[in-house]
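This report describes the strand order, the nonpolar core and the charged pairs of one protein chain. It is best read with the structure open alongside.

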Amino acid sequence: MYTELNDARVQIKTRFAEPGLKEEVENFLKNLPEQIRCLSRPMAVMARQVATPNFESIRFWETTSGNGLTPIWLEYSRDRFSSANVDKVMLAKLIFYYGKGRNGGNKTSIQKIVDIERASKKAICDIRTRVNSEVSLLDIHSRMFESYFPLEAKRVDISSWIQEIGDSAPLYYEAFLSLFICHGVLFENFLLEGREGEFSKSVVIPAFEKVQKRFGIKPLVVSLLPRNRAANNSWGWYPGQLEELVRS
């Protein structure tokens, strides 16, 4: 399923320059967001509900910036919050990392910025914070993102496009993975164990295979994290210097 980074960089530049292939993909995807259709070079993509400068995002930026691709975070801010989803909970319960202690343990600080149970089933873009009811969950993450990353770090909210596709996970993943035929390279880890593994096997992998069959070439996906560490939640932590932005 994965392609090595150097190979993906070479392939996507060749594919991106093929007008016939781009036209075929865009005819299938229909209302592709303008920010994606009008790019002058292929994307490097990290897709999350909210773009935020955790260690996973920092690795993405360091891996992709300056390599001839355009690093972009694709957001789905209208997705529903769920207290059963670890990644979504980590957007509301922020863990800041301050290095190792004297005995080798992690020095961390936790800021719970949202009432997690009350937020359940709300659209993420509508969630207000405990810090200040005038401040949204998105405001906090945007503040941290803009503080940590340079101005050229791009974010595109594709919520409208996703909702046009529909709520069906198989339909969404077939459309989403089609972006990585010629428009860009996805940086992701699809786990094959546990609850996420069941989803990967029943939805993601069949969608990947359908896209490959439709276009005759596979979507370009690069493993974002070391594969033996992809399930480690510490990638969702934040550099300690960002904590002050949450308190202010």
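Two strands are said to pair if DSSP finds at least two bridges between them. The model discussed here is predicted. Strand E6 (residues 184-188) and strand E7 meet this condition, since they pair in the parallel sense over three bridges. Within this pairing, Phe187 has Val222 of E7 as its bridge partner.

**The sheet**

E6 and E7 belong to an open sheet of five strands, ordered E5-E2-E1-E6-E7, with parallel pairing. Strand E5 (154-157) and strand E7 (221-223) are at the edges; each has a single partner strand, so one side of each lacks a neighbour in the sheet. On average, neighbouring strands are turned by 30° against each other, direction ignored.

Strand E2 can be followed to its partners on either side. E1 and E2 run parallel and are joined by six bridges, and Ala47 stands opposite Leu74 in E2. Between these two strands the chain passes through helix H4 (residues 55-64), and the resulting β-α-β crossover is right-handed. E2 is also joined to E5 by four bridges, again in parallel; here the bridge partner of Ile72 is Lys154 in E5.

E2 is mostly covered, as six of its six residues are buried. Thr70, Ile72 and Leu74 point one way from the strand, while Pro71, Trp73 and Glu75 point the other way, and all are buried.

**The nonpolar core**

In soluble globular proteins, nonpolar side chains tend to be buried together. In this model the largest nonpolar core has 34 residues, and those with the most contacts inside it are Leu74, Trp161, Phe176, Leu179 and Leu186. Two or more residues each come from helix H2 (19-29), strand E1 (43-48), strand E2 (70-75), helix H8 (159-165), helix H9 (169-178) and helix H10 (194-215). H10 gives the largest share, six residues.

Leu186 illustrates how this core is connected. Apart from neighbours within four places in sequence, Leu186 is in contact with Val45, Phe176, Leu177, Phe180, Leu220, Val221 and Val222.

**Two buried positions**

Thr3 lies in the segment before helix H1 (5-16). Its relative accessibility is 7%, so Thr3 counts as buried. Leaving aside neighbours within four places in sequence, the contacts of Thr3 are Ala8, Gln11, Lys218, Leu220, Val221 and Val222.

Phe145 is found in helix H7 (residues 137-148). With a relative accessible area of 2%, Phe145 is buried. Not counting residues up to four places away in sequence, Phe145 touches Ala51, Thr52, Pro53, Trp73, Ala153 and Arg155. By contrast, Phe145 and Ile165 are 20 residues apart in sequence and 28 Å apart in space, C-alpha to C-alpha.

**Salt bridges**

Side chains of opposite charge can pair when their charged atoms come close. The structure holds seven salt bridges, and the table lists some of them, including the separation of the N and O atoms.

| Salt bridge | N to O distance |
|---|---|
| Arg37 and Glu34 | 2.3 Å |
| Glu56 and Arg48 | 2.7 Å |
| Glu174 and Lys210 | 3.4 Å |

What separates Arg37 from Glu34 along helix H3 (residues 34-37)? The two are three residues apart in this helix, which means a separation of about one helical turn. Arg37 counts as partly exposed, at 35% relative accessibility, and Glu34 is also partly exposed, with a relative accessible area of 42%.

Are Glu56 and Arg48 buried or exposed? Both residues are buried. Arg48 and Glu56 are further linked with Glu188 in a network of salt bridges.

The salt bridge between Glu174 and Lys210 links distant parts of the chain: Glu174 is in helix H9 and Lys210 in helix H10, 36 residues apart. Glu174 has a relative accessibility of 8%; buried means under 20%, so Glu174 counts as buried.

How values were computed. Residues are numbered from 1 along each chain as its sequence is written. This is a predicted model: local features need pLDDT of at least 70, side-chain atom pairs count only at pLDDT 80 or more; totals for chains, interfaces and linings use all residues. Side-chain values use heavy atoms; hydrogens and water are left out. A nonpolar core is a set of buried Ala, Val, Leu, Ile, Met, Phe, Trp, Tyr and Cys residues joined through side-chain atoms within 4.5 Å. Buried means under 20% relative accessible area, exposed over 50%, partly exposed in between (1.4 Å probe, protein chains only). Contact means heavy atoms within 4.5 Å. Axes are lines fitted to C-alpha atoms, for helices over the stretch in contact, and angles run from 0 to 180 degrees between N-to-C directions. A crossover is right-handed if, with the strands pointing away from the viewer, the path from the first strand over the helix to the second runs clockwise. A salt bridge is a side-chain nitrogen of Lys or Arg within 4 Å of a carboxyl oxygen of Asp or Glu.
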